[in-house]
Each structure stands twice: as C-alpha cells, then as structure tokens.
Amino acid sequence: MRYQLGTLAIALALVSACDYNKPEDYDGKKDFKKYQAAQVAAKEAAAKSQVKVDPAVAMLKKAEKSYSIYCASCHGADGKADSPTANALNPKPRNFADKAWQKSVDDAHIAKVIKEGGPAVGLSPTMAPWGASLSDADIEGLVKVVRNYGK
C-alpha cells in the first residue's frame with residue numbers, strides 16, 4: 001500500500017510541475033483569429049464544392065413530383081391513362097402518350113385544363129381544377145411533363 005501511495009505522490013508531483021495554464025501559453029485573440037480563419041475557409045470550401053443545379057432541370061424535377069401527386073392516379077405514372085383509377089372513370093382520362101392528341105393541342109390549352117379543370121374547355125367534369133393548389137410556374141412545369149410523354 002505504501003508503494004502505491006508513493007507512486008501516486010510522484011505522479012501528482014510530475015503533473016503539477018507541468019503547468020499548461022501559464023498566461024504566456026494562451027492567447028485568446030490569436031486563438032479566436034485562427035478559429036475565424038478556419039470558419040471562413042470551411043465556408044469557401046463548401047461553396048466551391050456545391051454542385052450547380054440548372055434551374056430548368058430543378059423545375060422539371062419539381063413538376064414530375066407534382067405530376068405524381070396530382071395527375072398520376074388518373075393519367076398513370078407513364079401518362080398513358082391505364083391506371084386502375086383511369087379504367088374506372090367514364091370518360092377515360094387523356095392518354096398523354098397519344099401523338100395525334102399532342103399535335104392537336106397547344107401548351108395554353110393544356111395549362112388551362114390543368115388550372116381550370118375539364119369543364120373550362122368542354123371536357124369531363126371529373127378533371128379537377130388545380131389552379132388553387134398550383135402556381136403558374138408549377139402548371140408550366142406540368143405542361144412540360146405532359147409534353148414529354150408525347151415524345
């Protein structure tokens with residue numbers, strides 16, 4: 001026991017002899033400036049490493065998500081109006097993959113149907129108006145999605 005206490009006393013004496021808290025060992029302003037420089041460098045590195053997203057691609061991705069939320073249940077995930085819901089509806093929803101239909105309508109017509117619903121253009125009242133839920137930019141994106149199904 002005496003040996004252990006002696007070893008402990010020597011260890012404590014050595015640790016107390018190493019005073020790392022001397023005023024000359026710490027410079028708060030210098031350390032803070034290093035910290036600030038490291039933060040600025042990290043922000044610059046993060047900004048350089050960010051991938052630039054093309055706004056048109058971002059709009060199309062958002063529109064595809066909107067299509068899956070608002071349109072796919074009736075018009076199908078592939079735009080062919082062959083979903084179970086589409087088969088149960090009378091009249092059947094529009095098949096966006098139909099090239100003849102794609103040629104027969106302009107973008108303004110498609111946008112009007114999306115915004116104001118089927119009755120606004122003499123179509124089925126089961127086509128709901130989405131103008132209250134979607135912005136004009138969202139509707140423009142959906143028109144692009146519908147057009148892509150005709151390609």
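**A walk through an all-helix chain, starting at Ser 83**

Let me begin with a single residue, Ser 83, which counts as buried because its relative accessibility is 11%, and the cut-off for buried is under 20%. Please keep in mind throughout that what we are looking at is a predicted model.

Where does Ser 83 sit in the chain? You will find Ser 83 in the loop that runs between helix H4, residues 72–75, and helix H5, residues 84–88. If we set aside the neighbours within four places in sequence, the residues in contact with Ser 83 are Ala 72, Ser 73, Cys 74 and Gly 76. With one of these, Ser 73, there is a further detail to point out, since a polar atom of the Ser 83 side chain lies 2.9 Å from the backbone oxygen of Ser 73.

Let me now step back to the chain as a whole, which contains eight helices and zero strands, and which therefore reads along the sequence as α-α-α-α-α-α-α-α, given how helices and strands are assigned here. The chain has 151 residues, and buried residues make up 21% of them. If we take the contacts between residues at least 6 apart in sequence, 45% of those contacts join residues at least 24 apart.

Next comes the nonpolar core. In soluble globular proteins, nonpolar side chains tend to be buried together. Here the largest nonpolar core has 15 residues, and the ones that touch the most other members are Tyr 67, Trp 101, Ile 110, Ile 114 and Leu 142. Helix H3 (55–70), H7 and helix H8 (136–149) each supply at least two residues of this core, and the most, five residues, come from H8. As an example, take Ile 114, which, not counting residues up to four places away in sequence, touches several residues, among them Met 127, Trp 130, Leu 134, Ile 139, Leu 142 and Val 143.

Finally, let us turn to the largest pocket, whose volume is about 510 Å³. Which elements give two or more residues to its lining? They are H4 and helix H7, residues 107–116, with H7 providing the largest share, four residues. In total 23 residues line this pocket, and those that lie nearest its centre are His 75, Pro 93, Arg 94, Val 113 and Met 127. Sorted by class, the lining holds 16 nonpolar, five polar and two charged residues. You may recall Met 127 from a moment ago, as one of the residues that Ile 114 touches.

Terms used
Residues are numbered from 1 along each chain as its sequence is written. This is a predicted model: local features need pLDDT of at least 70, side-chain atom pairs count only at pLDDT 80 or more; totals for chains, interfaces and linings use all residues. Side-chain values use heavy atoms; hydrogens and water are left out. Buried means under 20% relative accessible area, exposed over 50%, partly exposed in between (1.4 Å probe, protein chains only). A polar contact is a pair of N or O atoms within 3.5 Å; within protein, one must be able to donate a hydrogen and the other to accept it, and residues adjacent in sequence count only if both atoms are side-chain atoms. Contact means heavy atoms within 4.5 Å. On a 1 Å grid over the protein atoms alone, a cavity is a set of points where a 1.4 Å probe fits but cannot get out, and a pocket is an open set with protein on both sides within 12 Å along at least five of seven lines; lining residues have an atom within 4 Å of a point. Grid points are joined across faces, edges and corners, and a volume is the space filled by probe spheres set on the points. Ala, Val, Leu, Ile, Met, Phe, Trp, Tyr, Cys and Pro count as nonpolar, Asp, Glu, Lys and Arg as charged, and the others, Gly among them, as polar. A nonpolar core is a set of buried Ala, Val, Leu, Ile, Met, Phe, Trp, Tyr and Cys residues joined through side-chain atoms within 4.5 Å.
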